[in-house]
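Reader: I've got a structure here and a handful of things I'd like to go through with you. Could you put it up so we can start?

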Amino acid sequence: MKIDLSFNAVQFDDLQLREKNIIVLDVLRASTTITIALKNGAREIIPVASIESAVKISGSLFGEVTLRGGERNGKIIEGFNLGNSPLEYNETAVKGKSIIYCTTNGSVAMAKSRYARTLAIGSFINLTATTNFIRDEKKDFLFICAGRANTIGNFSLEDAVCAGMMIQNLSKTESIDVELSDSAKAAYAIFKSFGRSILKMLKNSEHGKYLIEQGFAEDLKICAQIDSVPVLPILIGTVIKLKKEETSIEHA
Ligand code: MLT
């Protein structure tokens, strides 16, 4: 199994990602928020690349069964129902709802991957669920770190550390033979350097510091809890839903 990695999604267009098996990582906060929203009963997540698309898609659906969620500069977008703090996506707010989702980096990477053969959403809170999925798929995978727009190199430390931790777990799995690209090896090395304390790493990351300044320190604690939400959001058709746990009969 070949594992490749990109430190941001900027270079890709939708067609380049067709037929690929992709894991999108946006630890702060899109991947974490989506995983928690679906665990709390949201019906589906529809990631979009722009506010205009969100408004266009939600159009007449807006309100009853469809919510708009997302952020700009970390804060709720005007006219949206929800911001991007995982704390807002509780059962009362999202159960049974479809969420049109628009963020600066994460939803853009997901929208670009909508024609992928396989797309799953990974973070620290569902780390093992994500690596188990890759292991069971036994196919080549591309990790796309959402990165950080409008910064030099669009690099985000937290996404690289998370990818590196997943790569370590996959490399340790006896049942599979893993071949790493150079960028995947680099993510592994970054994990080895910065992965000892995940919360400390998030607090010292550029986006982590920014979110703390914006009053979202609590979100970092949630995003740092490894395997606290062991479910896997995957692309089904054109929307993101929870991967159904296969029963023992189906697995046989
Ligand atoms: C993003 O997609 O850029 C992040 O999730 C933004 C954020 O939550 O601050």
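Author: Here's the yardstick to begin with: a salt bridge is a side-chain nitrogen of Lys or Arg within 4 Å of a carboxyl oxygen of Asp or Glu. Keep in mind too that this is a predicted model.

Reader: OK, using that cut-off, which residue does Glu206 meet in a salt bridge?

Author: A pair counts when nitrogen and oxygen are within 4 Å. For Glu206 the N to O distance is 3.5 Å. The pair links distant parts of the chain, with Glu206 in helix α9 (residues 206-213) and the partner 58 residues away in the loop between β8 (141-145) and α6 (157-171). That partner is Arg148.

Reader: Is Arg148 buried or exposed?

Author: Glu206 comes out exposed, since its relative accessibility is 54% and exposed means over 50%. Buried means under 20%. Arg148 has a relative accessible area of 17%, so Arg148 is buried.

Reader: How many salt bridges does the structure hold?

Author: The pair of Glu206 and Arg148 is a salt bridge, and so is the pair of Asp219 and Arg29, because each is within the 4 Å limit. For the structure, the total is nine.

Reader: Let's look at Asp219 and Arg29, then. How many residues apart in sequence are the parts that the pair ties together?

Author: The two side chains meet with 2.9 Å from N to O. Asp219 belongs to helix α10, while Arg29 sits in the loop between β2 and α1. So the salt bridge ties together parts whose separation in sequence is 190 residues.

Reader: And what is the relative accessible area of Asp219?

Author: Both partners fall under the 20% limit for buried. Arg29 counts as buried at 2% relative accessibility. Asp219 is buried too, and its relative accessible area is 1%.

Reader: Backbone check: which peptide bond is cis, with omega near 5 degrees?

Author: Look at the loop between β2 (21-25) and α1 (30-39), where Arg29 lies. The bond in question leads into Arg29, and its omega is near 5 degrees. That makes the cis peptide bond the one from Leu28 to Arg29.

Reader: How about a salt bridge with Arg135: which residue is the partner?

Author: The closest N and O atoms are 3.0 Å apart, so the pair passes the 4 Å test. Arg135 is partly exposed at 26%, and the partner is partly exposed at 43%. The partner is Asp136.

Reader: Why is Cys102 in no disulfide?

Author: A disulfide needs two cysteine sulfur atoms within 2.5 Å. Cys102 is buried, with a relative accessible area of 0%. The closest cysteine sulfur to that of Cys102 is in Cys223, and it is too far for a bond at 18 Å.

Reader: Then how far away is the nearest cysteine sulfur for Cys145?

Author: Cys145 also counts as buried, at 1% relative accessibility. Cys145 is in no disulfide, and by the 2.5 Å rule the count for the structure is zero. The nearest sulfur, that of Cys162, is away by 8.2 Å.

Reader: Back to torsions. Where is Asn73, with its positive phi?

Author: Phi of Asn73 is near 55 degrees, a positive value in a residue other than glycine. Asn73 counts as exposed at 57% relative accessibility. The place to look is the loop between β4 (66-72) and β5 (75-76).

Reader: What is phi near for Asp227?

Author: Asp227 is in the loop between α10 (217-223) and β10 (233-236). Asp227 is partly exposed, with a relative accessible area of 30%. Phi here is again positive in a residue other than glycine, near 60 degrees.

Reader: Which residues form the positive surface patch?

Author: One of its members, Arg196, lies in the loop between α7 (182-194) and α8 (198-204). Arg196 is exposed, with a relative accessible area of 75%. The patch is formed by Lys172, Lys192, Arg196 and Lys200.

Reader: Last one: how far are the C-alpha atoms of Thr130 and Val231 separated?

Author: Thr130 lies in helix α5 (residues 127-137) and counts as buried at 0% relative accessibility. Along the chain, Thr130 and Val231 are 101 residues apart. Their C-alpha atoms are separated by 8.3 Å.

How values were computed
Residues numbered from 1 in each chain as written. Predicted model: local features only at pLDDT ≥ 70, side-chain atom pairs only at ≥ 80, totals over all residues. Heavy atoms only, no water. Buried < 20%, exposed > 50% of the residue type's maximum accessible area, 1.4 Å probe, protein only. Patch = residues over 30% accessible without salt bridge, like charges linked within 9 Å, V, L, I, M, F, W, Y side chains within 5 Å. Areas by Shrake-Rupley, 256 points an atom, 1.4 Å probe, with all protein chains shown as cover. Lys, Arg positive; Asp, Glu negative; His and termini not counted. Charge placed at Lys NZ, Arg CZ, Asp CG, Glu CD. Helix = DSSP H or I, 4+ residues; strand = E, 2+ residues; numbered from the N terminus.
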